[in-house]
Amino acid sequence: MSAKAISEQTGKEFLYKYICTSAAVHNRFCYARVTTETDWDRLTQEHPWLLTERLVVKPDQLIKRRGKLGLVGINLDLQGVKEWLKGHFMRDTTVGKAKGVLKNFLIEPFVPHTQDEEFYVCIYATREGDHVLFHHEGGVEVGDVDAKAQRLMVAVDDKLSEDQVREQLLTHIPDDKKEVLSSFIMGLFNLYEDLYFTYLEINPLVVTQEGVYVLDMAAKIDATAEYICKAKWGDVEFPPPFGREAYPEEAYIADLDAKSGASLKLTLLNPCGRIWTMVAGGGASVVYSDTICDRGGVDELANYGEYSGAPSEQQTYDYAKTILSLMTREKHPQGKVLIIGGSIANFTNVAATFKGIVRAIKDYQGPLKEHEVIIFVRRGGPNYQEGLRVMGEVGKTTGIPIHVFGTETHMTAIVGMALGHRPIPNQPPMDAHTANFLLNSSNSAMTPATTRTASFSEPRTPNNATPAKKSKAGLPAAKATTLFRKHTKAIVWGMQTRAVQGMMDFDYVCSRDEPSVAAMVYPFTGDHKQKFYWGHKEILLPVYKNMADAMKKHPESDVMISFASLRSAYDSTIEAMQYPQIHTIAIIAEGIPEAQTRKLIKMADEKGVTIIGPATVGGIKPGCFKIGNTGGMLDNILASKLYRPGSVAYVSRSGGMSNELNNIISRTTDGVYEGVAIGGDRYPGSTFMDHVIRYEDTPGIKMIVVLGEIGGTEEYKICQGIKEGSITKPVVCWCIGTCATMFASEVQFGHAGACANQASETAVAKNQALRDAGAYVPKSFDELGDVIRTVYDELVTNGTIIPAQEVPPPTVPMDYSWARELGLIRKPASFMTSICDERGQELIYAGMPITEVFKEEMGLGGVLGLLWFQRRLPRYACQFIEMCLMVTADHGPAVSGAHNTIVCARAGKDLISSLTSGLLTIGDRFGGALDAAAKQFSKAFDSGMLPMEFVNKMKKDGKLIMGIGHRVKSINNPDMRVQILKDFVKQHFPSTQLLDYALDVEKITTSKKPNLILNVDGFIGVAFVDLLRTCGGFTRDEADEFVEIGALNGIFVLGRSMGFIGHYLDQKRLKQGLYRHPWDDISYVLPEHMSM
């Protein structure tokens, strides 16, 4: 949501910090907070004025009219405050229908004043601008300020002046106070704008001879503006409405939501309730809550929440396990029901999200059975059949009763089943599988028109799309009645290849001559071409870095579809509106600050541009054009007959519910002519009435469906249009959110605009007004389809609608990736891996989550054991590996690998090139003796050869014994690295048979020459064989295989890489220049005939 209430303390803190006014604002930051954790001695130390001032105490928990409710203690000393709190603190209190506990209080200095020094001021936002209300008689008895107050509206992008304040607001104010009040109101309005407030009320505002005092304050801020205001806001706490506790699980889901591109919401209404919901979609979640309440379940409804925006399997698992954990804490005598519902998804992979839910159900199967939970599932959308299948399977394997339904079942029918008002069908009918659009359902195979070509990269002449009508000078430009035609071309902002491919598949199945996407704009790459499919063929679509280039090269494009993020959507939309060719813009992003959206709306109105969104999936005109992911995948396009026009047009706020309307309308009428989801924000770019009037003026549309929503007053304009006769076509309308009036405390639903600020904005009031005006209004959403069918049948009967004969659409091949997702094809993988899996939320090493790796303090040796050997090695083995890495890390700059690294570094090469140069020298003569030593000694030992026999045989064969010999070290000058490792191995290894054998060989070789010692390479090689053979983690064959495939050389490569990198950094730090080997260190030996 966007507009969120803040505590009085937070609101005053913002005001005291940032207001800029010449008026003297007193008692700045003079407030003390009292909670269950308050230490009074410490509180008085931090706020010494508590001991000297007369005081006011009141709860700070979003409670309105505290004075009238007797919840304010006035003119008390500190002891009086404590006495007053004894009667209120942690006491159950009823405010309206809400019951809650008073546990957060604010103490402030008491301000002596008279009644005529109390004023009322309020600023709040509407679509057109910001309203400033002022009344010269503030205080507890202020009454109906809407009727009594002076007011002025500051239009979007306009500025407030002191003259306006004095002339329109301060008409009843004595002259000696006008200057102070006008300055304060100006400062307050600027603060309101700068900190993105949406509501700011002060009552009373006290003005005395000394200055201004802010006594009581209520405020809301636009939470979506956090990325703009974070520096000034800091970490804002949004308290729950009075009567509803703040639960840690809600905070956990809010944190998941903040970290995710998806939407995850949870509000606990009654943790002891028996009816729990897990609903996909902001609009659908409201519809399910409505239906539960309509069916008499309001007192048992435990939660409100939604997940949407294509959450991952892991995110859905985290969301589901939270709900299952909550619902299995307390038993209910009647058992419990869980409704896993949703509309037909546009782009969310239903199977992926359901697999997350299935994981959670498996984890909680014991508690679910113990609490006698019955689960009802209804869902549609991409890959929903697989999702329903896995959901049904988990019911069978766990023994939990799970009833599963798809798009053939009305969306809310499962609520009646769950509450016992409707029978549960034994075998629900199943719709066609997602894969069915691979095959043409008719006998006559249609072929694409011959005009379809392989490439549409070149710009073409403008089509016959009707631009916005020209208006008279000085007036805003008139907007187009027809937004989309058969030849409409769009420019897509953002690299949304899946959405663009979906549009092209829709175009193809609608038998368009050319794709509807002319080009894409993506500022983060250079100009290039992107490959897409047009039916069976591959085509190239231009992608531009700059919008100007796209507009110039594609003048026929009149639609912009913006997938820009919430941070960049405003700027990119402003830019798009600079080009007169654009008359429709769809803004998909959710979370754009309301102040920015209102500026976009104003500019669009001035330029005659229609904006669909923000926070929308878009819209669809069957047979012509679709925006992005609207309508879902091709199976839903075909099932809902969206490839050809029908006679019914609809407008909705919700994207998911618009797809549900596609389904309902296709099952009850001849189909959809056009449908638009205007978006869930408080101020959508275009309104219900904008589109209803378009539909009224479109001859092909015979009836209109409107799915309204709690919040706002736009639906009343439809009432007015019906009454005045400007809307003559039948209108079927239903406003969702009827449950809101049944809840004891305010609930913010999934959409930002779904919140009633007054009685007229409730869904119940709007439904009644529409009914009274003459619209067709069902009794509930359950009956919406029946009412649509009735109205349609009447229009067919009277000849207004003549159903056309169905024409089968052309087939479209399925993408390989999606066919594989559906399990329709199989292909051997190009790679196999068994050591690491990064696909889930947590990285896994050889089956061990990374959090466990750190929790167990496995260290580098333990990680190497997991990734190299797929084993959790004993602690001593991990330590030995780490010691090997330490002793092999470096051996000075003279060895060949370090030398090469240094030469490369001094030649100006980068780190990777220099390191690679050094590593390439590793082999049998340098560093690579680990493997060779291990193999030679193992073979000799395993064959039963005595050490002397081994030495003699190697001499006879003319071969060096790998791992024996050192240029510098000798029996008299031992290598301390070997000594350190030997001491550790002898102390910790269960057996050292091969090492002992190698040491016996060393005795023989050093007797001949003192430097023929067992060197560090040889020692590590033979000790590692002992480790692999005796640690208990490997069979003999496995141990030998690791030696054979070169695992031991990896120890030297890994260890020495540290040293090589050190040499590279050292040379760079020392600023060493290009190395040239000196002549006097080179023997030039040329053939004699060449030197003569």
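Helix H9 is followed by Gly296, a residue with a positive phi near 90 degrees. In this predicted model, H9 comprises the 13 residues 282-294, and its end C-alpha atoms lie 19 Å apart. At 1.5 Å a residue, a span of 18 Å should be found, which agrees with the separation in the model. Of the 13 residues of H9, 12 are buried, so the helix is largely enclosed by the rest of the structure. The buried set begins with Gly282, Gly283, Ala284 and Ser285. It continues through Val286, Val287, Tyr288, Ser289 and Asp290, and is completed by Thr291, Ile292 and Cys293.

The domain assignment of the protein chain gives domain 1 (3-233), domain 2 (248-424) and domain 3 (873-1070). Between the C-alpha centres of domain 1 and domain 3 there is a distance of 76 Å. A further region is delimited by the UniProt record, an unreviewed entry, in which the annotation "domain: CoA-binding" covers residues 483-592. In the model, that span is 25% helix and 29% strand, and its end C-alpha atoms are 24 Å apart.

Strand S18 (residues 373-378) pairs with two strands, S17 and S19. Strand S17 (residues 336-340) runs parallel to S18 and is joined to it by five bridges. On the other pairing, S18 and strand S19 (residues 402-405) are linked in the parallel sense over four bridges. Val377 takes part in both pairings: it is the bridge partner of Ile340 and stands opposite Val404 in S19. From S18 the chain crosses through helix H13 (residues 384-398) to S19, forming a right-handed β-α-β crossover. S18 is mostly covered, with five of its six residues buried.

A separate site concerns Gly927, which is placed in the loop between helix H30 (911-919) and helix H31 (929-942). The relative accessible area of Gly927 is 5%; because the threshold for burial is under 20%, Gly927 is classed as buried. Leaving aside neighbours within four places in sequence, the contacts of Gly927 are Ile922, Asp1017, Asn1049 and Phe1052. Gly1018 lies 91 residues from Gly927 along the chain, and the C-alpha atoms of these two glycines are separated by 9.8 Å.

Definitions and conventions:
Residues are numbered from 1 along each chain as its sequence is written. This is a predicted model: local features need pLDDT of at least 70, side-chain atom pairs count only at pLDDT 80 or more; totals for chains, interfaces and linings use all residues. Side-chain values use heavy atoms; hydrogens and water are left out. UniProt positions are given in the numbering used here, feature names are shortened, and annotations may be inferred rather than shown by experiment. Buried means under 20% relative accessible area, exposed over 50%, partly exposed in between (1.4 Å probe, protein chains only). Contact means heavy atoms within 4.5 Å. Domain bounds come from an automatic or database domain assignment. The expected span of a helix is 1.5 Å times one less than its number of residues. Two strands pair if DSSP finds at least two bridges between them. A crossover is right-handed if, with the strands pointing away from the viewer, the path from the first strand over the helix to the second runs clockwise.
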